[in-house]
Structures are given as structure tokens and as C-alpha cells.
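Please take a moment to look over the sequence and the fold before reading on. The paragraphs below walk through a few individual residues, the sheet and the spaces in the protein.

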Amino acid sequence: MPNPTAIRAADLCKRGFCRGAMAAAAAVLSLSFHAQGQAQSAAPFPSKPITLLLPFTAGGATDVQIRALAQAASQTLRQPVVVVNQPGVAGTMAPAAMARSAAPDGYTISMIPSTLFRLPHVQKVNYDPVADFTYIIGVTSYSFGIVVAADAPWKTLPELIAAAKATPDKISFGAIGQGSSGHIGISRLSRAAGFPLNYIPFKGASEVVQATMGGHIQVMTEAGWGSMVEAGKLRLLAVMDEQRSPRWPQVPTLKELGYDIAVRSPVGLAGPKGMSPQVVKTLHDAFLAASSDPQFLKALEVQGQPAVHMDSEQYRRFAVAQTASDKRFVEELGFKLNE
């Protein structure tokens, strides 16, 4: 004889009650998985290694400095900060690629050279220096100088300028790329002092240093010469700063020599646009702490560079102001926009 309870259960399933129960169970499971996913996505930042793009060649002064900074920041973030060298286009190729393709999650950031703000006024670029980046922190500022080989015949900048006027085809000047800070600085001096400029662009400061010491070019107008000047392999004729360098106080500034020229070139870090303010703060605080690391400070000291802190908002405002002022310099020098 059939079980009345079983018959009743079968009847209920036929009426859809079982299907409803199954649907309810599936909904509960779905909510559970969704909650788990939310918990995973809300994991504290950072939960994996961070890539820091370095837009210059390995082995140069910037490479040494940024690697020391990254190592120190890794200790605070408790995740590796992996430095990846991607030189090219006067130091703008790496940050421009990051701005186009990296997710704004803080796991891919880039060192920012000041050329980033100037290049849009020199040639067509695929980025906007103001709108396409989230500025995180400024950490130092390059010290630019006019540097020759230790055995060069010129002991002073006036001697070099006189030779450049007399034999322009025999004196070449080198810096990183077209439109870089070193290029702009020597272009302004060429115009002010009245000598023709034979300019040779390079991919990184280490290449410029080697070319100067090897006699392939006669003058370096870049940063990253400090260790070679200290070692007696290069000679510093003038600095492009507002004041004399504390490390080489005997060397005059361009302003002291009668040329109203100073190159300001802060160095910092940025990510793609749209980064979370909390992620930006985490990165800022970690790299601010790292900027006091002895190894980083030693790497700056070797090149005569100061530790210069700009917080995220200060750095953003600097980017806006520098982009506008660089446009004026480019127009004054008569640089034509390369299409």
C-alpha cells in the first residue's frame, strides 16, 4: 500500500515546490560565492608584487637611486616592488605605455621624468601629462650640469663657449633624447651665448657619461655625472641649479656666469588615471618612508641631488604648472612640433 506521506511529497514536487526550494538553495549559494568574491576583492592593498617602471637604462644614476628606493618601500608595503627598465623617447615611453594600458589598481606605476611635461609641445604624443596620470609622490630633483672629460682642454665654461663659437663642428653636446631637460638647458644657453649647437641625443644618462669619457662627444649636459666627477674622470664646468651644489661649492651656476638659466627637474612616481585615493595614500606613505632610507640618500648624495618631497596634490599641481611653463620655453626656443 503506497505511503501517504510519499504521495503527498510527490504531489508537492509536481506543483513546483521542489523547484522553488532548489532555486532558493541556488540563490543562497550564489550569494555566498558573491560574498566570498567581495571579500577577496577587498583584500588590503597590496596583496601581490608591484611593478615600478624605470624609463632609463640599467646601471645609470637613476637606476641605482630608484632601485634603492624600491627596496626600502618593499619593507613597508610587505610586497616586492619590482623595478623594470624600459628606456626610450627621452624617458617617456614607459610612463606613456603605463597610462594607456595599465589598470589603475596601483600594481603598475612608473617613475616620471620632467620630460613627460615638455614632450607634448615638441612632438606628437599619445598621452596627456595632466589628465592621464595619478601623481603619487615627488622624491628628488636632478642636478644638471655642463660636464666635459677630465682631460678636455676647457677648464671653465667661458673657454668652452669660445671654442664652440670658433670650432662648432668639432664640439658636440649630449643629453637624453630630444626635448629633455638637458637638451632644453643647453639649447637655452646656446641661444643666450650665441654659439651653434651640435646636439646628440642618447637613451640614458649612463650612455651619455660613457660617450663623454670615451671622447665620442665633447660635452655632457645631463644629470648623473656626480660619481664620475668625484672619481676625477669628468670635469664639472657649471651647474644649472639656482644655487651652487653643496658637494661642489667651487663650481659656479649659469646665473653667476651671466645666463638667466636654471633647470628644475623633479623626479617622482605616478600611476594611471583613476587610482583609488586609499591606494595612492598607501603608496605615497610607503615611498615617503623609503625616501629616508640610508641607501637611497647615499645614492642621491653621490650625484649631488637633494631629497625633495612633494605629496600627491603638490605633485599634481607641479605637473599642471610645469606643462604650461615648458610650453613657453619650447615656443621661445623656436622648436617645431614634429608631426
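Leaving out residues up to four places away in sequence, Ala94 touches Leu53, Pro55, Gln86 and Ser110. The model in which these contacts appear is a predicted one, and in it Ala94 belongs to helix H4, which covers residues 93-101. Ala94 has a relative accessible area of 0%, and because buried means under 20%, this residue counts as buried. Of its contacts, Leu53 is 41 residues apart from Ala94 along the chain, yet the C-alpha atoms of the two are separated by 6.4 Å.

Two of the residues touched by Ala94, Leu53 and Ser110, lead on to the sheet, since Leu53 falls within strand E1 (50-54) and Ser110 within strand E3 (residues 108-112). The sheet is open and has 6 strands in the order E2-E1-E3-E10-E4-E11, with mixed pairing. Its edges are formed by strand E2 (81-85) and strand E11 (307-310), each of which pairs on one side only. From one strand to the next, the twist averages 25°. In general, the strands of a sheet pair through backbone hydrogen bonds, either parallel or antiparallel. Here strand E3 and strand E10 (residues 266-272) run antiparallel and are joined by 3 bridges, and Ser110 stands opposite Ala270 in E10. Helix H10 (residues 277-290) packs on this sheet, where it touches E1, E2, E3, strand E4 (133-141), E10 and E11, and the direction of H10 makes about 10° with that of E4.

A second residue worth following is Thr212, which is found in helix H8. Is Thr212 buried or exposed? With a relative accessibility of 1%, Thr212 counts as buried, because the cut-off for that class is under 20%. Neighbours within four places in sequence aside, Thr212 is in contact with Val147, Val148, Ala149, Ile217, Gln218, Val219, Met220 and Leu234.

Helix H8 also takes part in enclosing space within the protein. The model has 1 cavity of 30 Å³ or more, and the volume of this largest cavity is about 190 Å³. It is lined by 24 residues, of which Phe56, Thr62, Tyr142, Ile176 and Glu222 lie nearest its centre. H3, helix H7 (181-193) and H8 each supply at least two residues of this lining, and H3 gives the most, with 3 residues. By class, the lining of the cavity has 9 nonpolar, 13 polar and 2 charged residues.

Turning to the open spaces, the largest pocket has a volume of about 430 Å³. Among the 21 residues that line it, the closest to its centre are Ser141, Ser143, Asp241, Gln243 and Pro306, and the lining as a whole divides into 8 nonpolar, 7 polar and 6 charged residues.

The second largest pocket holds about 200 Å³ of space, and of its 15 lining residues, Gly59, Gly60, Ala61, Ser227 and Gln303 lie nearest the centre. Which helices each supply at least two residues of this lining? They are helix H3 (61-77), helix H8 (205-213), helix H9 (226-230) and helix H11 (294-302), with the largest share, 4 residues, coming from H8. The lining of the second largest pocket divides into 7 nonpolar and 8 polar residues, with no charged residue present. H8 thus recurs in this account: it contains the buried Thr212, supplies residues to the lining of the cavity, and gives the largest share to the lining of the second largest pocket.

Terms used
Residues are numbered from 1 along each chain as its sequence is written. This is a predicted model: local features need pLDDT of at least 70, side-chain atom pairs count only at pLDDT 80 or more; totals for chains, interfaces and linings use all residues. Side-chain values use heavy atoms; hydrogens and water are left out. On a 1 Å grid over the protein atoms alone, a cavity is a set of points where a 1.4 Å probe fits but cannot get out, and a pocket is an open set with protein on both sides within 12 Å along at least five of seven lines; lining residues have an atom within 4 Å of a point. Grid points are joined across faces, edges and corners, and a volume is the space filled by probe spheres set on the points. Ala, Val, Leu, Ile, Met, Phe, Trp, Tyr, Cys and Pro count as nonpolar, Asp, Glu, Lys and Arg as charged, and the others, Gly among them, as polar. Two strands pair if DSSP finds at least two bridges between them. Axes are lines fitted to C-alpha atoms, for helices over the stretch in contact, and angles run from 0 to 180 degrees between N-to-C directions. Contact means heavy atoms within 4.5 Å. Buried means under 20% relative accessible area, exposed over 50%, partly exposed in between (1.4 Å probe, protein chains only).
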